[in-house]
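Dear colleague,

Please find below the structure that I am handing over to you, followed by an account of what was found in it. I would be grateful if you could read the two together.

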Amino acid sequence: MVATSSNGREGLARFKKLDVHAVGSEDRMLTHDLPMRMPASGKVTFHVNFETSQPRDIIVGIQNTEHWTGLNSVRKSVDGLGSVEIEYQAEGGLNPESSYQFILQMVPKDGDWKQQIDSSTVVIEEIY
């Protein structure tokens, strides 16, 4: 059990699904800092923390959620436990009048999006 504080009151919290495993035995993205606000230029730099049991690729792309069409994607190779910085540039920029979302995926090395091992989607709430 872990002591926590909520609204200024002391209390106890329990972990319902404690994750115990050997580091590097699972393939997953631990955290990322994809933005929910993005410039119309379509250029953004972000970080992904990951854990892999063997070499994997991380793919990021943007999808127009009005027409369900994908823009270009960027692929980075990762291995082990670590963090990677990814720079994404949407070809042609983004239309501030349209709606978009990021799609972030971990796939087998040289695999495609249909073979995803882990994924995350972030809606872009504002284009400035």
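The average pLDDT of the chain (the predictor's confidence in each residue, from 0 to 100) is 87, and 80% of the residues score at least 70. Residues 1–6 have a pLDDT below 50, and beyond near neighbours in sequence this stretch has 15 contacts in the model, a contact being heavy atoms within 4.5 Å. Where pLDDT is low, the predicted coordinates should not be read in detail.

As to conventions, this is a predicted model, in which local features need pLDDT of at least 70 and side-chain atom pairs count only at pLDDT 80 or more, while totals for chains, interfaces and linings use all residues. Residues are numbered from 1 along each chain as its sequence is written, and side-chain values use heavy atoms, with hydrogens and water left out.

**Overall composition**

The chain has 11 strands and zero helices; both are DSSP runs numbered from the N terminus, with helices being H or I of at least four residues and strands E of at least two. Of its 128 residues, 34% count as buried. Here buried means under 20% relative accessible area, exposed means over 50%, and partly exposed lies in between (1.4 Å probe, protein chains only). Among contacts between residues at least 6 apart in sequence, 63% join residues at least 24 apart. The chain exposes about 8100 Å², of which carbon and sulfur atoms supply 48%; accessible areas come from the Shrake-Rupley method with a 1.4 Å probe, and for residues only the protein chains shown count as cover.

**The four-stranded sheet**

One open sheet has four strands in the order β7-β6-β9-β10, with antiparallel pairing; two strands pair if DSSP finds at least two bridges between them. Strands β7 and β10 (118–124) stand at the edges with a single partner strand each, so one side of each is left without a neighbour in the sheet. From one strand to the next the twist averages 15 degrees. For such angles, axes are lines fitted to C-alpha atoms (for helices over the stretch in contact), and values run from 0 to 180 degrees between N-to-C directions.

Strand β9 (residues 100–108) is joined to β10 by seven bridges, and nine bridges join strand β6 (residues 56–64) to β9. Between β9 and β10, isoleucine 103 stands opposite threonine 121, and glutamine 101 stands opposite valine 123. On the β6 side, aspartate 57 has valine 107 of β9 as its bridge partner. Seven of the nine residues of β9 are buried, so this strand is largely enclosed by the rest of the structure.

**Residues on the edge strands**

Asparagine 72 lies in strand β7 (residues 69–78) and is buried, with a relative accessible area of 17%. A polar atom of the asparagine 72 side chain lies 2.9 Å from the backbone oxygen of glutamine 89. Leaving aside residues up to four places away in sequence, asparagine 72 touches Val60, Gly61, Ile62, Tyr88, Gln89, Ala90 and Glu91.

Serine 119, found in strand β10, counts as partly exposed at 38% relative accessibility. With residues up to four places away in sequence not counted, serine 119 touches Met29, Leu104 and Gln105. The C-alpha atoms of serine 119 and isoleucine 58 are separated by 9.3 Å, and these residues are 61 apart along the chain.

**The three-stranded sheet**

A further open sheet is formed by three strands in the order β3-β5-β8, and its pairing is antiparallel. Its edge strands are β3 (28–32) and β8 (81–89), each of which pairs on one side only. The twist here averages 35 degrees from one strand to the next. Four bridges join β3 to strand β5 (residues 43–51), and arginine 28 has glutamate 51 in β5 as its bridge partner.

**Backbone angles in two loops**

Most residues other than glycine have a negative phi. Tryptophan 68, which is not a glycine, has a positive phi of about 55 degrees. Tryptophan 68 is placed in the loop between β6 and β7 and counts as exposed at 54% relative accessibility. Aspartate 110 also has a positive phi, near 65 degrees. The loop between β9 and β10 holds aspartate 110, which is exposed with a relative accessible area of 64%.

With kind regards

How values were computed: A polar contact is a pair of N or O atoms within 3.5 Å; within protein, one must be able to donate a hydrogen and the other to accept it, and residues adjacent in sequence count only if both atoms are side-chain atoms.
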